[in-house]
Amino acid sequence: MRRLMSVFFVALLVGACGRPAGSGAQAAEATAPAFDCEVYDGAGEVAAFAQSHVIIFGEAIHGTNESPAAFFALICELAQQGMPVKVGLEAEHDTSAGLNTFLDHPDDTDALIETTRKMWSVHDGRSSEAILKLLRQLAGLRAQGADVTVFAFDASWELDHTDSEDWGTIGRDAKMAEHVNTAVQDFPGAVVLLTGGFHARKQAFEFDGTRFEPMASKITARPVLSLEMKHAGGSGWMWGEVDGEPFKGAVELTNMLEADAPVRAYVLEPTADGGDGAYYPGPITASSPAFPAAFTP
């Protein structure tokens, strides 16, 4: 059933959200080293919300190089401003300790696989080489003195999948939100999450006759600022079904953007789904599983 869930969400992921009230807290005044951050237009505007909101990046599809890069660009900007940063990933909640340990030992991939095997056994793009690179980039920030930690908030393995209510984004997303609320409570710094677009929506919705109550709609510890991924086409890694047949590999994606769409930018502007804004990574390329052998049928 976990595989079926993965198939379902990989096939459907789209971003979403709703513009928050208020301007957010000012950046922390602590002095930070000069980090090598990729420049994204609009980073300062988004960073202004970081200490008052949970910032969510909703991926249109998992398994690209460019989405984690856009995610890290904001984290790097926040660290540059001297903020403590909590980074949330859509991996099983009980892998949090192993992920954090890896930030201190970024060359020990054997220990990473051993302590976070559930994460790397999900080959729908959440266990990609780009995510491994992201973790090493976070480790690099920590090594340079940044106060950065990582936690996992997924709950797929916690649920009874014989219960149909736990199959979609109802029971699962409620649990995911609980994990985020716990992580955010009393934390004074920035909280930034990377997740699938359905989970990033801030309002309940129906799709194909099924009602979804997304994670972002259930986060209560802080207001949510959710950014939808708007890419310029290319390819992404998918594990699921195509025309009813099992498929695992790179899929081609069409560029649906206007010719003058921004590239490497965050834009705070209401979206068609009632969202807060979008991130524009430009053309995307597929990122395959980091550890293909770490597979649990």
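**Figure 1. The cavity of this predicted model and its lining.** Let us start inside the protein. In this predicted model, the count comes to one cavity of 30 Å³ or more. The largest cavity has a volume of about 80 Å³. Around it sit Glu59, His62, Leu89, Glu90, Ala91, Met119, Arg126, Ile131, Leu194 and Thr195. Strand 2 and strand 4 (190-196) are the elements that give two or more residues to this lining, and strand 2 gives the most, with three residues. Sorted by chemistry, the lining has five nonpolar, two polar and three charged residues.

**Figure 2. Strand 2 beside strand 3.** Here we look at the strand that gives the most to the cavity lining and at its partner. Strand 2 (85-92) and strand 3 (148-154) pair in the parallel sense, over six bridges. If you are finding your way along the pair, a handy landmark is Glu92, which stands opposite Asp154 of strand 3. How many of the seven residues of strand 3 are buried? Six of them are, so strand 3 is largely enclosed by the rest of the structure.

**Figure 3. The buried residues of helix 4 and what they pack against.** Helix 4 covers residues 96-104, and its buried residues are Ser96, Gly98, Leu99, Phe102 and Leu103. A reminder about helices may help when reading this view. With 3.6 residues a turn in an α-helix, residues three or four places apart point the same way. The buried residues of helix 4 pack against both strands of the previous view, strand 2 and strand 3. They also pack against helix 5 (109-115), helix 6 (117-120) and helix 7 (129-143).

**Figure 4. A salt bridge between Arg126 and Asp154.** Two residues from the earlier views meet here: Arg126 from the cavity lining, and Asp154, which stands opposite Glu92. Their side chains form a salt bridge, at 3.0 Å from N to O. Arg126 lies in the loop between helix 6 and helix 7 and Asp154 in strand 3, so the pair ties together parts that are 28 residues apart in sequence. Are these two partners buried or exposed? Arg126 counts as buried at 14% relative accessibility, and Asp154 counts as buried too, at 2%.

**Figure 5. A salt bridge between Glu38 and Arg264.** The model has 13 salt bridges in its count, and this view shows one of them, between Glu38 and Arg264, with the closest N and O atoms 3.9 Å apart. Glu38 is in the loop between helix 1 (2-12) and helix 2 (43-47), while Arg264 is in the loop between strand 8 (245-253) and strand 9 (265-267), so the contact ties together parts that are 226 residues apart in sequence. Both ends are partly exposed: Glu38 has a relative accessible area of 39%, and Arg264 has one of 41%.

**Figure 6. The Arg211 and Glu213 pair, and a salt-bridge network.** The side chains of Arg211 and Glu213 meet in a salt bridge, at 3.4 Å from N to O. Arg211 is partly exposed, with a relative accessible area of 44%, and Glu213 also counts as partly exposed, at 23% relative accessibility. Elsewhere, salt bridges that share partners join Glu90, Asp124, Arg126, Asp154 and Arg172 into one network. Look back at the first view for two of these names: Glu90 and Arg126 are among the residues that line the largest cavity.

Conventions. Residues are numbered from 1 along each chain as its sequence is written. This is a predicted model: local features need pLDDT of at least 70, side-chain atom pairs count only at pLDDT 80 or more; totals for chains, interfaces and linings use all residues. Side-chain values use heavy atoms; hydrogens and water are left out. Buried means under 20% relative accessible area, exposed over 50%, partly exposed in between (1.4 Å probe, protein chains only). Helices (H or I, at least four residues) and strands (E, at least two) are DSSP runs, numbered from the N terminus. Contact means heavy atoms within 4.5 Å. Two strands pair if DSSP finds at least two bridges between them. On a 1 Å grid over the protein atoms alone, a cavity is a set of points where a 1.4 Å probe fits but cannot get out, and a pocket is an open set with protein on both sides within 12 Å along at least five of seven lines; lining residues have an atom within 4 Å of a point. Grid points are joined across faces, edges and corners, and a volume is the space filled by probe spheres set on the points. Ala, Val, Leu, Ile, Met, Phe, Trp, Tyr, Cys and Pro count as nonpolar, Asp, Glu, Lys and Arg as charged, and the others, Gly among them, as polar. A salt bridge is a side-chain nitrogen of Lys or Arg within 4 Å of a carboxyl oxygen of Asp or Glu.
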